[in-house]
Amino acid sequence: MRIGSWTLPNNVLVAPMAGVTDRPFRQLCKRLGAGYAVSEMAASNPRLWDSVKTSRRLDHQGEIDPIAVQIAGADPDMMAEAAAFNVRKGARIIDINMGCPAKKVCSVASGSALLRDETLVARILQAVVAACAPLGVPVTLKTRTGWDREHRNALRVARLAQDIGIAALTLHGRTRADLYTGQAEYDTIRAVKAELDIPVVANGDIDSPEKARAVLDYTGADAIMIGRAAQGRPWIFREIDHYLRTGRRHPPPTLREMRALLLEHLEDHYRFYGEHTGVRTARKHIGWYVAGLPDARDFCARMNLIDNTAEQWRAVAGWFDELAREPAAATGPFAAIAPAYSLAA
Ligand SMILES: Cc1cc2nc3c(=O)[nH]c(=O)nc-3n(C[C@H](O)[C@H](O)[C@H](O)COP(=O)(O)O)c2cc1C
């Protein structure tokens, strides 16, 4: 899988998720086998660049290359400026978001709302590519299959993008109107891949090694991108990568490894966000990791009342230790006590 002059170590990628794929999580996913991770969306409006939230999103210290930053907005000049700004801050790849259905993004006609206006799409892509090309930085596009099921224009947008010089395209197999409901479809991704010369990344509802294999085979895509299934499950990347390479399942993490990974994630998370924000934003990650383990709900209810990081860390460590003493944990791998995950969890 290549993006411009970058060759990625594999074709299993982390989807950008605002509020989830921060630097600590991206680093963990990359360490556990993800070939690439795009940072959360950074605002294209310069007035927001000094906000704490945006400056955190612009902090790429220690991150494994290539650093990819996503930008969103509807004003071509502002998007070009935002791209150049992010390159100055360390981005090696710029990703344009035309896939986000969030109200905050769509109400200003950015994210997937842009799909309704192909002329504006072209102007934005041209402006960002023109800003990045002299800097040697490739520009990628992430989008959905269309505005709604009656207006699936991904193929036209994809051709437009390729002609303008976009280096790779990620397609989420839903329309904007679908939000996250129903099942992602892969026919549009397959049709787009058949038409394009640039790499195409398939995204949407991929949550297991077998599904990854099936989506790659069906669509002919060059890579797959995983979002929600990686929440609390960063090892999914090595499991999928292993399966794609060998056709065999990688063993699930043991309870001991899961404990170690979560505690390490928390330490990095606290360092990144500090005490006040760290303890609060860590709760959702902890909830995702423990979902499916015995008595997780009770544990989360107790854990959510804790408001300092040291105590939160100790509560997580202690809870895993307690769990390890249960008979089921002693008999085998983690799968023995947490046999099933689902995207809904
Ligand atoms: C909490 C959350 C935040 C997201 N934020 C972004 C974002 O900032 N930019 C973007 O392009 N997509 C965003 N997405 C969409 C994902 O990148 C991805 O396209 C979508 O979740 C489908 O993939 P999945 O089924 O593997 O989760 C977000 C999704 C979720 C669940």
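Which strand does T143 lie in? T143 lies in strand β7, and that's a handy place to start a walk through this predicted model.

**Around T143**

T143 is tucked away: its relative accessible area is 2%. Since buried means under 20%, T143 counts as buried because of that 2%. Its side chain isn't idle on the map either, as the side chain of T143 reaches the backbone oxygen of M98 at 2.9 Å.

**From β7 to β8 to β9**

Strand β7 covers residues 139–144 and runs parallel to β8, with five bridges joining the two. If you want a spot to click on, K142 stands opposite T170 in β8. To get from β7 to β8, the chain goes through helix α6 (residues 154–164), and this β-α-β crossover is right-handed.

On to the next pair: β8 also pairs with strand β9 (residues 200–203), again in the parallel sense, over four bridges. Here T170 stands opposite V201 in β9. The chain crosses from β8 to β9 by way of helix α7 (residues 187–195), and that β-α-β crossover is right-handed too. So T170 is a useful marker, because in the pairings it faces K142 and V201.Is β8 itself buried or exposed? Five of the five residues of β8 (residues 168–172) are buried, so the strand is largely enclosed by the rest of the structure. Both of its faces are covered, with A168, T170 and H172 buried on one side and L169 and L171 buried on the other.

**The ligand site**

Now for the ligand. There are 16 residues around it, and those that come nearest are P16, Q70, N203, D205 and R228. The shell is a mix: seven nonpolar residues, six polar and three charged.

Here are some polar contacts to the ligand:

| Residue | Protein atom | Ligand atom | Distance |
|---|---|---|---|
| N97 | polar side-chain atom | nitrogen | 3.2 Å |
| D205 | polar backbone atom | oxygen | 2.7 Å |
| G227 | backbone N or O atom | oxygen | 2.8 Å |

How much of the ligand's accessible area does the protein cover? On its own the ligand has 610 Å² of accessible area, and the protein covers 89% of it.

How values were computed: Residues are numbered from 1 along each chain as its sequence is written. This is a predicted model: local features need pLDDT of at least 70, side-chain atom pairs count only at pLDDT 80 or more; totals for chains, interfaces and linings use all residues. Side-chain values use heavy atoms; hydrogens and water are left out. A residue is near a molecule or strand if one of its heavy atoms lies within 4 Å of it. A polar contact is a pair of N or O atoms within 3.5 Å; within protein, one must be able to donate a hydrogen and the other to accept it, and residues adjacent in sequence count only if both atoms are side-chain atoms. Accessible areas come from the Shrake-Rupley method with a 1.4 Å probe; for residues, only the protein chains shown count as cover. Ala, Val, Leu, Ile, Met, Phe, Trp, Tyr, Cys and Pro count as nonpolar, Asp, Glu, Lys and Arg as charged, and the others, Gly among them, as polar. Buried means under 20% relative accessible area, exposed over 50%, partly exposed in between (1.4 Å probe, protein chains only). Two strands pair if DSSP finds at least two bridges between them. A crossover is right-handed if, with the strands pointing away from the viewer, the path from the first strand over the helix to the second runs clockwise.
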